[in-house]
Amino acid sequence: MGLLTGALSFTRYNVVGHEPDPFWEVIGEKIRAFAFREIESGTDEVARGWVALHNMLDSEFSYASYSCGDYLTFSFRVDRKNIPGALLKKRVMEEEQRLKNETNRKRISRQEISELRERARISLMSRTLAVPSLFDVLWSVSQKWLIFSGVSAKVRTEFEEYFKQCFELELIPYRPWEIASAPQSAVKNLMNVEPQQFLD
Amino acid sequence: MSDQTTDNSFLGREFLTWLWYKTEERGGGVFVPGIGDVEIVFTRRIVLEAGEGEYSETVQCQGLHANLKEGRAALREGKKVKEARLRLSKGEFQWEFTFKADEFRFQSLRLPQMMALGEESDSLEGRILERVALVQEAMETMDSLFYSFLDERSKPDWRSEQLPKIKRWIESY
């Protein structure tokens with residue numbers, strides 16, 4: 001999003017749940033435990049984890065580099081291998097043709113096609129490089145809110161699940177009209193409200 | 001967390017539509033409780049919509065002044081503001097962002113020019129804290145404006161005085 005530079009697009013959350021104690025110590029351990037690790041197996045499609053805000057290669061967090069005043073700041077790195085659909089299709093067709101020639105058959109079974117597709121996928125996956133994506137996280141510890149630079153539904157869900165798995169805390173998207181997000185003085189105004197037309 | 005769940009998401013578009021009216025009521029100036037006077041300008045891009053999903057009808061207006069005429073026409077058809085590019089000014093500071101009503105979300109938020117704060121702001125931490133303070137100020141301003149709208153909407157004179165004013169504003173172009 002450019003927490004450090006440029007324009008920002010972000011999703012707001014409330015952080016809900018029982019906070020660990022002692023907070024900073026436990027959180028530091030959890031961040032390191034869920035830090036980014038490179039894709040190990042050639043056939044793995046995706047790798048996720050936390051990295052330092054200013055350096056996607058830093059998953060060590062020396063000197064608690066995630067701590068910034070009252071805030072926690074780090075990035076969510078997702079490395080993903082994408083195989084273009086057209087490439088996979090071509091490879092499967094080639095394999096189909098090869099099998100037909102080898103076995104001298106005109107047709108091959110659905111089961112065999114399915115196996116060919118999986119083998120082609122694995123073969124292409126092992127030769128494809130993963131592309132990294134980075135999303136910044138800013139977590140206000142005392143005020144229990146967080147902003148995340150991902151805005152697409154897919155990456156938000158991925159982040160929410162990873163965050164919960166790591167910190168055992170829930171992220172609730174912030175909407176001021178939700179009673180849980182509203183200050184006490186506004187709660188009564190949010191009960192039983194009906195949509196309003198501005199014209200008759 | 002409260003167990004009570006409500007589907008009040010329609011308030012997002014009502015709020016952004018009300019905010020457009022509010023900015024023009026006093027020529028851009030809007031009073032924000034707890035914050036004071038700010039200036040808000042709807043600028044360049046505005047999207048209005050009626051209905052949801054496959055039954056929705058959307059109007060997009062782009063350009064410096066295009067929004068006034070076409071946007072107002074869309075309001076007259078019962079559409080509400082779904083997203084808009086806003087410029088928020090407080091004293092010397094100026095923020096610009098696209099605001100998405102349905103998710104109450106900021107997009108492409110440009111922060112005010114940083115002040116020269118000396119050596120501290122040269123450090124990474126200083127730079128982050130400075131930017132975070134500016135982001136938070138924008139969020140708090142929009143939150144306060146929303147609750148100000150909600151408060152106005154809940155007052156006894158909403159139907160008798162405020163709604164007729166909004167209606168006159170919509171019909172005045």
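**Note on a predicted two-chain model**

1. A:Phe61 is partly exposed, because 17 other C-beta atoms lie within 10 Å, a count between the limits of 12 or fewer for an exposed residue and 20 or more for a buried one. The position of A:Phe61 is the loop between β2 (46-51) and β3 (67-68) of chain A. Its phi is positive, about 55 degrees, although A:Phe61 is not a glycine. The structure discussed here is a predicted model, and this backbone angle should be read as part of that prediction.

2. A second residue invites the same kind of reading. B:Ser108 is not a glycine either, and its phi is near 45 degrees, again a positive value. B:Ser108 belongs to strand β6 of chain B, whereas A:Phe61 sits in a loop. B:Ser108 counts as partly exposed because 14 other C-beta atoms are found within 10 Å. As background, most residues other than glycine have a negative phi, and most peptide bonds are trans.

3. The peptide bonds also deserve a remark. Which peptide bond is cis, with omega near -5 degrees? It is the bond that runs from A:Asp21 to A:Pro22. A:Pro22 is placed in the loop between β1 (11-16) and α1 (23-33) of chain A.

4. The overall confidence of the prediction may be stated next. The model scores ipTM 0.84 and pTM 0.86. For chain B the average pLDDT is 85, and 89% of the residues reach at least 70. Among the elements of chain B, strand β5 (residues 93-100) has the highest mean pLDDT, 95, and helix α2 (residues 66-76) the lowest, 77. Over residues 1-5 of chain B, pLDDT stays under 50; the model has five contacts beyond four places in sequence for this stretch.

5. Chain A contains five helices and seven strands. Their order along the sequence is β-α-β-β-β-α-α-β-β-α-β-α. The chain is divided into domain 1 (11-80 + 131-182) and domain 2 (85-127). Domain 1 is thus written as two segments, and domain 2 as one. Taken over C-alpha atoms, the centres of these two domains of chain A are separated by 40 Å.

6. How does the radius of gyration of chain A compare with that of a compact globule of 200 residues? Chain A has 24 Å, while such a globule would have a value near 16 Å. Along its principal axes, the C-alpha trace of chain A spans about 80 × 60 × 35 Å. Of the 200 residues in chain A, 25% count as buried. Among contacts in chain A between residues at least 6 apart in sequence, 66% join residues at least 24 apart.

7. Two residues of chain A illustrate how separation in sequence and separation in space may be set side by side. A:Gly28, in helix α1 of chain A, is 39 residues from A:Ser67 in sequence, and their C-alpha atoms are 8.9 Å apart in space. A:Gly28 is partly exposed because it has 16 other C-beta atoms within 10 Å. A:Ser185 lies in helix α5 (residues 184-190) of chain A. The C-alpha atom of A:Ser185 is separated by 35 Å from that of A:Phe135, which is 50 residues away along the chain. Is A:Ser185 buried or exposed? A:Ser185 counts as exposed, because it has 10 C-beta neighbours inside 10 Å and the limit for that class is 12 or fewer.

8. The contact between the chains takes 29 residues from chain A and 37 residues from chain B. On the side of chain B that touches chain A, the elements giving two or more residues are α1 (10-25), β6 (105-110), α3 (124-154) and α4 (157-171) of chain B. Of these, α3(B) gives the most, with 15 residues. By class, this side of chain B has 18 nonpolar, ten polar and nine charged residues.

9. The largest nonpolar core has 66 residues, and those touching the most other members are A:Phe74, A:Leu146, A:Phe148, B:Phe15 and B:Leu16. The largest share of this core, eight residues, comes from α3(B). Helix α3(B) therefore appears twice in this note, as it also gives the most residues to the side of chain B that touches chain A. Leaving out residues up to four places away in sequence, B:Phe15 touches B:Ala101, B:Phe146 and B:Phe149. In soluble globular proteins, nonpolar side chains tend to be buried together.

Technical notes. Residues are numbered from 1 along each chain as its sequence is written. Chains are lettered from A and ligands numbered from 1 in the order in which they are written. Two residues are in contact if their C-beta atoms, placed from the backbone, lie within 7 Å. Helices (H or I, at least four residues) and strands (E, at least two) are DSSP runs, numbered from the N terminus. Ala, Val, Leu, Ile, Met, Phe, Trp, Tyr, Cys and Pro count as nonpolar, Asp, Glu, Lys and Arg as charged, and the others, Gly among them, as polar. Domain bounds come from an automatic or database domain assignment. A nonpolar core is a set of buried Ala, Val, Leu, Ile, Met, Phe, Trp, Tyr and Cys residues joined through C-beta atoms within 7 Å. The radius of gyration is taken over C-alpha atoms; the globule rule is 2.2 Å times the number of residues to the power 0.38. pLDDT is the predictor's confidence in each residue, from 0 to 100.
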